[in-house]
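This report goes from the whole chain to a single helix.

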Amino acid sequence: MAEVEKGKGKVKVFDSEEEVAVDLAKYTADISNKITKEKSSFTVVLSGGKLVEAPYIDSIEWGKWHVFWVDERVVPKDHVDSNYKLAYDGFLSKVLNQCVDDGELEYFCGTVARKKELTPLEFSDWRKVPATTKDKIWDVIKQWVLSEVGKCLRIFKHSLYAEYFNKYSTLVELKANPYSRTDPNQWSKLAEKWYSTQWQNKSERSKDIRSHMKMPHTSRTISYARRVEAELKKNGRKN
């Protein structure tokens, strides 16, 4: 990398795309750390391309990031040309460790808002809705959110098992190489659980059941109704 004087500033010249990506990642990480110390959030607007490289994954407070997209192509989010897919596959999926609900929370909140037993229509402003009514609404939403968190945690632990269990030949090795974003003590307990006879028997039973299934009983983490709805929209058909 070389720096060239240009006007009142400097222009960096790189020898490869990889050098550009690494330097941009460091620049972004430095700004993120500076802003999150002063404010409650850090806003990033993506237009595609690599933004954050692996060396900086653990040095950033991802919980304070607000990510937006510009110049997105008019394609499904799982399309090879989608900037969302590029960003998610490139780094979001590696740092957030969370389920992407594809609008399910918004969909659920909309359902709650239309539920006559919960949400009154006579108020002109949400701030005028009684606190007791809001508490009832929040209790319904909270139960759903906690259920989703539990499901996401289960998926996350299974993904760790799939990636780490067969990677090391002994329990000692597995404990010594924890996933970087987990508490070492928690990782040690999780590793011991994986090596337990109870877990291994359960894992073998699950494998045997899946091997005899002619049709999956779930549609991954998306309900059949939601998947059917998505397919109808994708194919341009109405319900």
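In this predicted model, 23% of the 239 residues of the protein count as buried. The accessible surface comes to about 18,000 Å², and carbon and sulfur atoms account for 55% of that area. Among contacts between residues at least 6 apart in sequence, 46% join residues at least 24 apart.

The protein has 8 helices and 4 strands. Along the sequence, these elements follow the pattern β-β-α-β-β-α-α-α-α-α-α-α.

Helix α1 covers residues 17–38. At 1.5 Å a residue, its 22 residues should span 32 Å, and the end C-alpha atoms are 32 Å apart, which agrees.

Which residues of α1 are buried? They are A21, A25, T28, A29, S32, I35 and T36. Seen down the axis of α1, these buried residues fall within an arc of 140°, so they line one face of the helix. The cover over the buried residues of α1 includes the strands β3 (42–46) and β4 (65–69). On the face turned away from the buried side, α1 carries the exposed residues Y27, K37 and E38. A residue is called buried under 20% relative accessible area and exposed over 50%.

The two sets of α1 residues are listed below.

| Set in α1 | Residues | Relative accessible area |
|---|---|---|
| Buried | A21, A25, T28, A29, S32, I35, T36 | under 20% |
| Exposed, on the face turned away from the buried side | Y27, K37, E38 | over 50% |

Note on methods:
Residues are numbered from 1 along each chain as its sequence is written. This is a predicted model: local features need pLDDT of at least 70, side-chain atom pairs count only at pLDDT 80 or more; totals for chains, interfaces and linings use all residues. Side-chain values use heavy atoms; hydrogens and water are left out. Helices (H or I, at least four residues) and strands (E, at least two) are DSSP runs, numbered from the N terminus. The expected span of a helix is 1.5 Å times one less than its number of residues. Buried means under 20% relative accessible area, exposed over 50%, partly exposed in between (1.4 Å probe, protein chains only). The arc is that of the directions from the helix axis to the C-beta atoms. Contact means heavy atoms within 4.5 Å. Accessible areas come from the Shrake-Rupley method with a 1.4 Å probe; for residues, only the protein chains shown count as cover.
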